[in-house]
Amino acid sequence: MGNLHNRVAIISGAGSGLGRAASISFAAAGAEVVLLGRRLSKLEETAALVKAKSQKEALILQTDVAEEQQVQDTIAAVIEHFGRIDILLNNAAVFESGTVLELTSEEWQNQIATNLTGPFLLTKAALPAMRKAKYGRIINITSGLSWSGAGGYAAYSAAKAGLESLTRTLAGEEHEHGILANLYNPGTLRSEMHATGKDPAIVTPDLIRLASLPVGGPTGTIVSYG
């Protein structure tokens, strides 16, 4: 029996990279996992790996987290299927280069929509179920670019800085309801967005610890790999 036995965990960006690794690890730790992403074929690949590693059947819900109606429909489907939501891992992200001068407003909005508005929409939709249960663990994936503001990644950096502020605000608002919200900075991971870096599976034990924090555990914090 794992640390997440019988918990229901929603993972966005579950089709590849950290989202895929987290889905596999969460299921192996006992969770029922819900896989969100825009690419159905990638979600199906993740679900097959989840099955192979844990014998669990993942729930696949093709979702663009930047689209409010899709998010609302997805959360409703999770509640109908499982009756509750215990864990939300906001991992879906768009990582594209562009200086302030170079970015078009459309390119800016696209990255903000996925990297900041997406976590907001998913969190807002999941909160009523978490409040009802007086339990929730929300993990938002951040980056060192949130504070370094690396040149050439203006929209991504700004979105992650906003996500950190949103997480701290959420932690203060929801603590009395038994909901903990924390940030995780995995550092550079090898994924579709980045050709070099660590294997994403290396950092998933940290995510499991955040997902299984006890009542009264830390909230509004940033945990970094290593």
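**Exercise 1. Find out how Lys56 sits in the model.**

Step 1. Start with burial: Lys56 is buried, at a relative accessible area of 18%, where buried means under 20%, exposed over 50% and partly exposed in between, with a 1.4 Å probe and protein chains only. Before going on, keep in mind that this is a predicted model, where local features need pLDDT of at least 70, side-chain atom pairs count only at pLDDT 80 or more, and totals for chains, interfaces and linings use all residues. Residues are numbered from 1 along each chain as its sequence is written, and side-chain values use heavy atoms, with hydrogens and water left out.

Step 2. Place Lys56 on the fold: it's in the loop between α2 (40-54) and β3 (59-62). Helices (H or I, at least four residues) and strands (E, at least two) are DSSP runs, numbered from the N terminus.

Step 3. Look around Lys56. Leaving aside neighbours within four places in sequence, Lys56 is in contact with Ala27, Gly30, Ala31, Glu32, Val50 and Lys51; contact means heavy atoms within 4.5 Å.

Step 4. Now pick out the polar partner. The Lys56 side chain makes a polar contact with the side chain of Glu32, at 2.8 Å. A polar contact is a pair of N or O atoms within 3.5 Å; within protein, one must be able to donate a hydrogen and the other to accept it, and residues adjacent in sequence count only if both atoms are side-chain atoms.

**Exercise 2. Check the backbone at Gln55 and Lys134.**

Step 1. Recall the background: most residues other than glycine have a negative phi.

Step 2. Gln55 has a positive phi, near 65°, without being a glycine. Gln55 lies in the loop between α2 and β3 and counts as exposed at 57% relative accessibility.

Step 3. Lys134 isn't a glycine either, yet its phi is positive at about 55°. Lys134 belongs to the loop between α4 and β5 and is exposed, with a relative accessible area of 61%.

**Exercise 3. Work out how α4 packs on α6.**

Step 1. Get the geometry: α4 (residues 105-133) and α6 (residues 154-174) pack at an angle of about 15°, with axes 8 Å apart. That makes the pair roughly parallel. Axes are lines fitted to C-alpha atoms, for helices over the stretch in contact, and angles run from 0 to 180 degrees between N-to-C directions. Angles under 35 degrees count as roughly parallel, over 145 as roughly antiparallel, 65 to 115 as roughly perpendicular and the rest as oblique.

Step 2. List some of the players: the contact includes Trp108, Phe120 and Arg131 of α4, and Tyr156, Gly162 and Glu174 of α6.

Step 3. Sort the contact residues of α4 with α6: 14 are nonpolar, four polar and three charged. Here Ala, Val, Leu, Ile, Met, Phe, Trp, Tyr, Cys and Pro count as nonpolar, Asp, Glu, Lys and Arg as charged, and the others, Gly among them, as polar.

**Exercise 4. Describe the surroundings of α7.**

Step 1. Count burial: six of the eight residues in α7 (residues 204-211) are buried, namely Thr204, Asp206, Leu207, Ile208, Leu210 and Ala211.

Step 2. Find what covers them. The buried residues of α7 pack against α1 (17-28), β4 (87-90), β5 (136-141), β6 (179-185) and β7 (222-224).

Step 3. Zoom in on α1. The axes of α1 and α7 come within 10 Å and cross at roughly 60°, so the two helices are oblique to each other.
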